[in-house]
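Here is a short report on a metal site and a pocket. Look over the sequence and the structure first.

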Amino acid sequence: MTQVNGIEFKQNLVPKSKYSIKCPNPMKAKKITVHNTYNDAKADNEVIYEVTNDNQVSFHVAVDDNGAVQGIPFDRNAWHCGDGSNGFGNRNTIGVEICYSKSGGSKYTKSEQNAIKYIAALCVQQGIVATTDTIKKHEDWSGKHCPHRILDEKRWATVQKAIIDEYNKITKALSKPATGTTNAGGSVVDYLNSKKIDSSFANRKKLATQHGIANYTGTAAQNTALLNKLKTGVAPTPSKPSQSGYKGTSLVDYLESVKKASDFSSRAKYATQNGIKGYTGTATQNTQLLKKMRGF
Ligand SMILES: [Zn+2]
């Protein structure tokens with residue numbers, strides 16, 4: 001099971017054959033739009049319904065008391081804002097549905113708490129700085145009374161602030177240089193500061209990626225590796241296939257064996273890095289990608 005900021009996360013992505021209905025446009029998400037489902041179904045079922053019907057209605061993630069389920073890739077638009085085919089909400093924001101809002105109660109409360117934690121982490125993943133300008137509600141785009149329960153209870157400002165606070169908590173933790181690990185050469189932050197280079201988490205993440213350190217989250221080991229690479233001044237080199245004892249044929253199992261993210265968007269990124277165009281996660285593409293990444 002994958003977890004995002006302590007929230008169970010899984011995918012049930014819409015088949016590519018339905019992209020033209022559900023998510024026709026590529027997107028670089030700029031904001032998040034919060035919804036209430038106005039229903040009493042669990043997230044799994046909301047997403048199954050979403051990805052199997054043929055309505056031009058879609059959202060990226062549903063969150064319930066057990067976790068988050070993704071139905072639409074984050075790099076594609078979804079139809080959840082009611083602001084038209086070129087509306088800012090529909091074309092630039094990730095739609096997150098909070099389940100069990102119709103009847104409310106403890107399942108809803110837990111769903112909302114999970115959504116707050118999940119959305120904050122999603123902002124970090126997507127490079128969205130969580131503010132009152134980027135954490136939006138459906139109502140902001142089309143005037144629809146959604147998220148209805150949050151609005152009825154007059155809690156929008158509270159929920160929005162909770163997301164922003166959680167985001168600030170995560171990014172603060174990430175930007176604090178890890179301590180306690182042997183690092184004869186000092187901290188990467190000190191090193192960057194001494195060179196007058198931006199030492200923020202975002203920039204370290206960028207530098208890490210440029211130097212072949214995948215999935216930088218600011219751990220002590222990653223900071224040490226980054227410091228060493230920066231100090232040696234060696235030009236970034238493509239990373240060698242990681243060592244793995246895994247000999248099977250599943251790409252996801254292989255990625256997990258080398259502690260790399262195996263979700264769809266990460267695989268799509270690896271595919272692009274490895275020259276596989278138009279990755280949609282087919283069995284053939286996965287086999288091809290496994291060969292390129294593992295070396296056999
Ligand atoms: Zn809505």
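## Burial of the histidine ligands

His35 counts as buried, because its relative accessibility is 1% and the cut-off for buried is under 20%. His138 falls in the buried class too, at 7% relative accessibility. These values come from a predicted model.

## The zinc site

What coordinates the zinc ion? Two histidines and a cysteine do: His35 through ND1, His138 through ND1 and Cys146 through SG. The distances run from 2.0 to 2.3 Å.

Along the sequence, the donor residues follow the spacing H-x102-H-x7-C. His35 sits in strand β3, residues 31-36. His138 belongs to helix α5, residues 138-142. The two histidines therefore tie together parts that are 103 residues apart in sequence.

## The second largest pocket

The second largest pocket has a volume of about 420 Å³. Its lining is made up of 24 residues. Closest to the pocket centre are Thr37, Val57, Phe59, Glu97 and Lys144.

Which element gives the most to this lining? Helix α2 does, with three residues. That helix spans residues 43-52. Strand β3 also supplies at least two lining residues. Strand β3 is the strand that holds the zinc ligand His35.

## Character of the lining

The lining of the second largest pocket is mixed. Twelve of its residues are polar, seven are nonpolar and five are charged. Glu97 and Lys144, both among the residues closest to the centre, are of types that count as charged.

Definitions and conventions: Residues numbered from 1 in each chain as written. Predicted model: local features only at pLDDT ≥ 70, side-chain atom pairs only at ≥ 80, totals over all residues. Heavy atoms only, no water. Donors = N, O, S within 2.8 Å, 3.2 Å for Na, K, Ca; no water. Helix = DSSP H or I, 4+ residues; strand = E, 2+ residues; numbered from the N terminus. Buried < 20%, exposed > 50% of the residue type's maximum accessible area, 1.4 Å probe, protein only. 1 Å grid on protein atoms, 1.4 Å probe; cavity = no way out; pocket = protein on both sides within 12 Å on 5 of 7 lines; lining within 4 Å. Points joined across faces, edges and corners; volume = space filled by probe spheres on them.
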